[in-house]
Amino acid sequence: MNRRQALRNIGLGAGAIIVGPTTLNLLQSCKNDPTYNWEPTFLSASNGFALKQILEVIIPKTETPGAEDLNIAEFIDSYMQEVASKERQDKFKRSADAFSRGFKNEFDKEEGEGSPEEYEQMVAKYLKATHAEMDEIAKRNTETQDPQDRDLEVTLDADAGSLAYLQEVRNMGIWAYKTSEEIGENVMWYDPVPGEYIPCGPVDELGGGKAMSL
């Protein structure tokens, strides 16, 4: 049984993220020094560059480590390559390509040539949109081919695909960030052997007001 099959056997629902020892090991394997000349194994090189830029906007380095420090982009790429179902892989790639088209429509350049400021604008355009605006964008997520011909490849609307991609990257990025050893043990409230059960107590006295990592 290969590594991918072993991971899949743990159980993965459509759109879900495995929370188990094997996936955590995959996450921890990406915690080494940031790889600035990183070559994705699942995404294209330009998609990988865009993924890193997007995550830097969503999880920037402040007084705590950022996405780049923890190699979150590398983890997401590996997760999609080794764990995700074929259906989820296809959706992720299609939405990544839609984001690429959306970026070019917005700035008249390829995503691999984008600046941090331009990526900030793209993230804000979609993730800071109102619920009404997001609903309107999502409605554009239709097939460009004849819907009766199911054998033709589906092309996502650039805006709808960009929104879906950024939402997926945000969800996976935050999950991976909070699950990482560095954040779980050194930033969040970490107590591997909890003591007495306290059903209700002052937040400022329980873990110093921090969310618990376990």
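## Report on an all-helical predicted model

Gly161 makes contact with Ser95, Ala98 and Leu156 when residues up to four places away in sequence are left out. The model described here is a predicted one. Gly161 sits in helix α8, and its relative accessible area of 0% places the residue in the buried class. Between the C-alpha atoms of Gly161 and Ser95 the distance is 4.6 Å, although 66 residues separate the two along the chain.

**Overall architecture**

The protein contains nine helices and zero strands, and its elements, read from the N terminus, follow the order α-α-α-α-α-α-α-α-α. The chain has 214 residues, of which 37% count as buried. Among contacts in the protein with a separation of 6 or more, 66% are between residues 24 or more positions apart.

**The nonpolar core**

In soluble globular proteins, nonpolar side chains tend to be buried together. In this model, the largest nonpolar core comprises 40 residues. Leu51, Ile54, Leu55, Ile76, Phe92, Phe99 and Tyr165 are the residues with the most contacts inside this core. Two or more core residues are given by each of α3 (45-58), α4 (72-82), α5 (86-107), α6 (116-127), α7 (131-138) and α8 (158-179). Helix α8 provides the largest share, with nine residues.

Phe99 may be taken as one of the residues with the most contacts inside the core. Beyond its neighbours within four places in sequence, Phe99 contacts Ala50, Ile54, Glu111, Tyr119, Met122, Ser162, Tyr165 and Leu166. Two of these partners, Ile54 and Tyr165, are found in that list and also appear among the residues with the most contacts inside the core.

**The cavity and Glu68**

A search of the whole structure returns one cavity of 30 Å³ or more, and the volume of the largest cavity is about 30 Å³. Its lining is formed by Lys52, Leu55, Ala67, Glu68, Asn71, Ile72, Ala73 and Glu74. By residue class, the lining consists of four nonpolar, one polar and three charged residues. At least two lining residues come from each of α3 and α4, and α4 supplies the largest share, three residues. Leu55, a lining residue of this cavity, is also listed among the core residues with the most contacts.

Glu68 belongs to the loop between α3 and α4. Glu68 counts as buried because its relative accessible area is 16%, under the 20% limit for that class. The side chain of Glu68 forms a polar contact with the side chain of Lys52 at 3.4 Å. Both Glu68 and Lys52 are lining residues of the largest cavity.

**Asp157 before helix α8**

Asp157 is placed in the loop between α7 and α8. With 25% relative accessibility, Asp157 is classed as partly exposed. The C-alpha atom of Asp157 is separated by 9.0 Å from that of Ala138, a residue 19 positions away along the chain. The side chain of Asp157 reaches two backbone nitrogen atoms, those of Asp159 and Ala160. The polar contacts of Asp157 and Glu68 are set out below.

| Side chain | Partner | Distance |
|---|---|---|
| Asp157 | Asp159, backbone nitrogen | 2.9 Å |
| Asp157 | Ala160, backbone nitrogen | 2.9 Å |
| Glu68 | Lys52, side chain | 3.4 Å |

How values were computed
Residues numbered from 1 in each chain as written. Predicted model: local features only at pLDDT ≥ 70, side-chain atom pairs only at ≥ 80, totals over all residues. Heavy atoms only, no water. Core = buried A, V, L, I, M, F, W, Y, C linked by side-chain atoms within 4.5 Å. Buried < 20%, exposed > 50% of the residue type's maximum accessible area, 1.4 Å probe, protein only. Helix = DSSP H or I, 4+ residues; strand = E, 2+ residues; numbered from the N terminus. Contact = heavy atoms within 4.5 Å. 1 Å grid on protein atoms, 1.4 Å probe; cavity = no way out; pocket = protein on both sides within 12 Å on 5 of 7 lines; lining within 4 Å. Points joined across faces, edges and corners; volume = space filled by probe spheres on them. Nonpolar A, V, L, I, M, F, W, Y, C, P; charged D, E, K, R; others polar. Polar contact = N/O pair within 3.5 Å; in protein donor to acceptor, adjacent residues only side chain to side chain.
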